[in-house]
Amino acid sequence: MAKNPKRRPDSARRANRMIGQRTLLLLAVFGVAAFALLFSKLYDWQIVRHDELQDIAVRQQTLRTTVGASRGAIYDRNGRTLAISSTAENVCISPRQLKKDGVDANLVAESLAEILDVSEEKVRRDIDADTSYRVVKKRVEQEDADRVRAFLNENDIGNGIFFEPTAKRYYPFGSLAANVIGFTNEEGGAYGLEAVYNDELSGEGGMVVMAKDVNGTPMLYQYEQYFDAKDGCSLNTTLDTTVQYYLEKGLAELEARYGTGKGATGIVMDVRTAAILGMASLPNYDLNSPGTLYNDFLTRGMGEEEVAEKLSDLRFKQWRNKAINDTYQPGSTFKILTLSMGLEEGVIDLNSSFDCTGKVVVEKETINCSNRSGHGHQSLTVATGNSCNPAFINIGLRVGNEKFYNYMKAFGLTEKTGIDTTGEAQGFVNKEIEYSTLALACYAFGQNFNVTPVALIAAQAACINGGYLRTPYIVDQVVDAAGNVVYRHDTTPVRQVVSEETSETVRGILEYVVSEGAGKNGKVAGYRIGGKTGTADKVGGNVIVSFVCFAPADDPQVIMLLTLDEPSRDTGTYVSGGNMVAPVASSVMAELLPYLGIEPTYSAEELVGADATVPNLVGEKADEAAKKLKELGFGCRLIGDAETVTDQTPLGGAIVPNNAEILLYCGEEKSDAPCIVPNVIGDSASVANQKLTNAGLIMSISGATNRSSASVRAISQSEEPGKEVPAGTVVRVQLSDSSVTD
């Protein structure tokens, strides 16, 4: 009989249950852990990295092509283009594709280097790179891009070399107004207006988005989306290219005649609105090649190694707009403001008088006058004409420290003007002006503090325009691509600093400065000019010479400030604003004023020798032609015996002084032999005229008009000595009175 099996003890059953429970627990734990891990990963993908992964998916599934916005143009006030963008192309290569196609690397490197004017080594480095994309040269001209295409066709090169459409910035006038306009780089506007208005000029780029398949092939057009580019706005500036040309020509003449390479500035501004018509700074540069040193202005005395070592600093120096970015001690041109303060406060008037012994002692310090022997007893007008330091120290002390400082703030000299360009510096006014008598004395004649040229001319304009300080500006309007004006400058005055009555008195006194005083070399025949000379000391014994002038003196429309830093002391010319800068200012204003439509009003004395147009007399009877010339004020010489005029010198339509001698040929053949221009520099007006007349030429003069004075001499001539020119050519001679001191 078989035995019954034994029952498992309770302990075994309990052990099995525990094992089952543990298994279930472990399964539950692992299940929860797996779910948590999965949940965490899904959370990371779908929540935390949603945007990133979505972008990756979109990039994998779509092709995107950027549509560039066209950068807005910059125009002068007459609509002439100062800056414009034009179509160009980037030349690119795919090194991997070139290797895959077995293209001759040497041929590509040599050919692209020659066509694109880049180094062969650079092209070889691009070809050797392990990549599918390399830019050989950016913004290639269309002509050069077409030459690359011709090379590709001739050598049956496929997709290894390709093109990207882009734009290139062009500056039609090259270096004209370079320091104002500025230029662009890879990021956009780098300097000047290009930088300040970069957002407005740039616009917004567009994009074409299309779906692609697994092989990267674009899918049907219905999957394509097009986002339009928004072209940039254009700038309508207050600059006038003709005014700018005359201004830059004058500065170049000033630097060539008296400069040492330290720099010069010039500003021409509308007195009534503070619109900048012209602004220039030396050194200058070509906007189409801003990295190239434009001339030897900055590199005088440097060797090639030193230039290469300092190239970066030299570039920054030529890009600076010294009229905005730099400050200087204004010297005697500041006396316009001191004069205005004194008149406005009532501490002086036209009946005021001053005694000058040649110096004045303030707080035990001796301050000299330009005339060390003294000007003696003088009226306010004469003292201003003499630029008398003791007289203006007296005026400053009468105004007092607190009021003088408050006027400097009111004239805007303790802060930036807010002009719409880059890097405007702020003038420096020492706090001691608020309590120091010596500081006040120095400030009164323009020393011991700093201003920018643009801040000074804005304050000077306020002294003569009725007393209104305005913000200088360069951009009048911002216009969108549709022609809508989205911004217009507001010419509302910042404040009125002095009264209309004070301003009128100041204008009259400053007209005397040019007609009879230290500014007489700034005269312009036919125009009432007001102005003030300046010669300011610098640390180290150097000076800055300057001249500010405006016209017409009775109703100012335009004001100009010229400065020259550290002029040469080896030119034989007395170093002062009146002797160096005023004559150049006279030449510039003589061209500016007629161009701006400001009509001359000649005095009886000025009328003799004023410019006039020569009539065409060929074919007329000799006696009648001679009579007509005499009635017009011209001289006349008949050459030949015929009754009829067969030729003349100068030809009809030429503009010459109205007292010039006109040669009428009556049957006799006119010689076509050229005339040799004589050297008249340093000669008196009469000697210069005789030399030019004997050479068969005609002299026209500008500058100091008191030709009979022994101190008046020719300082420049429009045609170089020794040059061959046609008979009857007008040679413009600049006269200067060397007796002027400042």
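**Notes on the cores and the five-stranded sheet**

1. Starting with the packing: the largest nonpolar core in this predicted model comes to 85 residues, and F404 and F411 have the most contacts inside it. The top contributor to this core is helix α19, which puts in 10 residues. As background, nonpolar side chains in soluble globular proteins tend to be buried together.

2. If you want to look around F404, leave aside anything up to four places away in sequence; what F404 then touches is F334, T338, M341, G396, V399, I433, L440, Y443 and A444. There's also a second core, separate from the big one, with 39 residues. Among its members are Y246, V558, L564 and M580.

3. On to the sheet. Five strands make an open, antiparallel arrangement, and reading across you get β12-β11-β23-β22-β21. The edge positions go to β12 (276-282) and β21 (530-537); each has a single partner strand, so one side of each has no neighbour in the sheet. From one strand to the next, the twist averages 10 degrees.

4. For a closer look at one pairing, take β22 (residues 543-551) and β23 (residues 558-565): they run antiparallel and are joined by eight bridges. One handle for finding your way there is F547, whose bridge partner in β23 is L562.

5. Back to α19, which spans residues 453-464. This helix lies across β11 (264-270), β12, β22 and β23, and its angle to β23 is about 145 degrees. So which helix gives the most to the largest core? That's α19 again, with its 10 residues.

Definitions and conventions:
Residues numbered from 1 in each chain as written. Predicted model: local features only at pLDDT ≥ 70, side-chain atom pairs only at ≥ 80, totals over all residues. Heavy atoms only, no water. Pairing = 2+ DSSP bridges. Helix = DSSP H or I, 4+ residues; strand = E, 2+ residues; numbered from the N terminus. Axes fitted to C-alpha atoms, helices over the stretch in contact; angles between N-to-C directions. Contact = heavy atoms within 4.5 Å. Core = buried A, V, L, I, M, F, W, Y, C linked by side-chain atoms within 4.5 Å. Buried < 20%, exposed > 50% of the residue type's maximum accessible area, 1.4 Å probe, protein only.
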